[in-house]
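Let's take a walk through a protein model together, one piece at a time. Keep the picture open beside you and find each part as we come to it.

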Amino acid sequence: MKKVISVILAAVLIIGTTVALSGCGKEKAASYDIVLITDGEAINDKSYNQSAWNGVKSFGDENEMTYRYYQPKLDDNGELSVEAIKTYIDLAVKDGAKYIILPGEAFAVSAYEIAPTYTDVNFVLVDAFPHSKDDDTLRIQQNVMCISFNSLQAGFLAGYSSVIDGYTKLGYIGSVNTPTSGNYGAGFLQGASFAADELQKPVVLDYADYDSPVLDYDYSMTIKPVY
């Protein structure tokens, strides 16, 4: 997923970059073309922030554009407030940012409320859509590019890769009542089946629906992410 986000971010940033690179901002030390605002976590979190930052760096270096990131401080509840995000968006705009990257749902309300005030700046909102705080009203905005993921396709690739990598006993814990989880699980099964047929190798997959009343599983486990 990390590589996918990086590639997509690079593709999105290509849009409109025929705007003169003469304004790269090398004359002004405090001017940056692309600014990433993290969700409060570091850029080495092995998740959205790191993959987004890798995409920013890759695109910036290839196109001679300047870039930087801000890591906002979380509030006492461990959350990223709209007010804090606005502070950093204002700072990014002041620094001359042409693109502001916002990774994750934590920025959805901010994109809804703040992006319309900066029509000359392009925002990239990863895995979320701009919506209001109270009623989840969505707002389609011309200067906000939303990167969303197809859970069915992601599940297919995960299942396919698992079998191709040599795993023949697979398991999936999900919910058939949640579209995202259900689609991911269905894709995972289809991908594993496709790879099994391709390799002519038997594969066993167990599926646990954690919404089922007849199941009583202990989910107290530690999962180590592998990228």
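A salt bridge is counted here when a side-chain nitrogen of Lys or Arg lies within 4 Å of a carboxyl oxygen of Asp or Glu. The model you are looking at is predicted, and under that rule it has two salt bridges. Let's start with the one between K98 and D33, where the side chains come to 2.6 Å, N to O. K98 sits in the loop between α3 (82–94) and β3 (99–103), while D33 sits in the loop between α1 (2–14) and β1 (34–37), so this pair ties together parts that are 65 residues apart in sequence.

Are these two partners buried or exposed? K98 has 26% relative accessibility and counts as partly exposed. D33, at 1%, counts as buried, because the cut-off for buried is under 20% relative accessible area.

The other salt bridge joins K86 and D90, with 2.9 Å between the closest N and O atoms. Both residues belong to helix α3, four residues apart, which is about one turn of the helix. Why does that spacing suit a pair of side chains? An α-helix has 3.6 residues a turn, so residues three or four places apart point the same way. As for accessibility, K86 is partly exposed at 39%, and D90 is partly exposed at 24%.

Now look for the sheet. Five strands make an open sheet in the order β2-β1-β3-β4-β5, and their pairing is parallel. The edges are taken by β2 (67–70) and β5 (144–147); each has a single partner strand, so one side of each is left without a neighbour in the sheet. From one strand to the next, the twist averages 20°. Zoom in on β3 and you will find that five bridges join this strand to β4 (residues 122–126), the two running parallel. One bridge to look for pairs P103 with V126 of β4.

Next, find helix α2, which lies across β1, β2, β3 and β4 and runs at about 160° to β2. How far apart should the ends of α2 be? At 1.5 Å a residue, the 15 residues of this helix (residues 48–62) should span 21 Å, and the end C-alpha atoms are indeed 21 Å apart. Several residues of α2 are buried, including W53, V56 and F59. N49, Q50, S51, A52, G55 and G60 are also among the buried residues of this helix.

The stretches before and after α2 are worth a pause. Most residues other than glycine have a negative phi. K46, in the loop between β1 and α2, has a positive phi near 55°. E64, which follows α2, also has a positive phi, near 55°. You can find another case at D127, in the loop between β4 and β5, where phi is near 60°. D127 is partly exposed, with a relative accessible area of 32%.

Further along the chain comes helix α5 (residues 151–164), where you will find S161. S161 is partly exposed, at 35% relative accessible area. Its C-alpha atom is 7.7 Å from that of A192, although the two residues are 31 residues apart along the chain.

Then move on to strand β6 (residues 169–174). In a regular strand the side chains alternate between the two faces of the sheet. In β6, L170, Y172 and G174 make up the covered face, whereas K169, G171 and I173 make up the uncovered one. Six bridges join β6 to strand β7 (residues 204–209), and the two strands run parallel. L170, from the covered face, has L205 of β7 as a bridge partner.

One last question: where in the chain is confidence lowest, and where is it highest? The mean pLDDT is lowest in α1, at 53, and highest in β1, at 97. For the chain as a whole the mean is 83, with 79% of residues reaching 70 or more. Residues 14–27 have a pLDDT that stays under 50, and the model has 17 contacts beyond four places in sequence for this stretch.

Technical notes: Residues are numbered from 1 along each chain as its sequence is written. This is a predicted model: local features need pLDDT of at least 70, side-chain atom pairs count only at pLDDT 80 or more; totals for chains, interfaces and linings use all residues. Side-chain values use heavy atoms; hydrogens and water are left out. Buried means under 20% relative accessible area, exposed over 50%, partly exposed in between (1.4 Å probe, protein chains only). The expected span of a helix is 1.5 Å times one less than its number of residues. pLDDT is the predictor's confidence in each residue, from 0 to 100. Contact means heavy atoms within 4.5 Å. Two strands pair if DSSP finds at least two bridges between them. Axes are lines fitted to C-alpha atoms, for helices over the stretch in contact, and angles run from 0 to 180 degrees between N-to-C directions.
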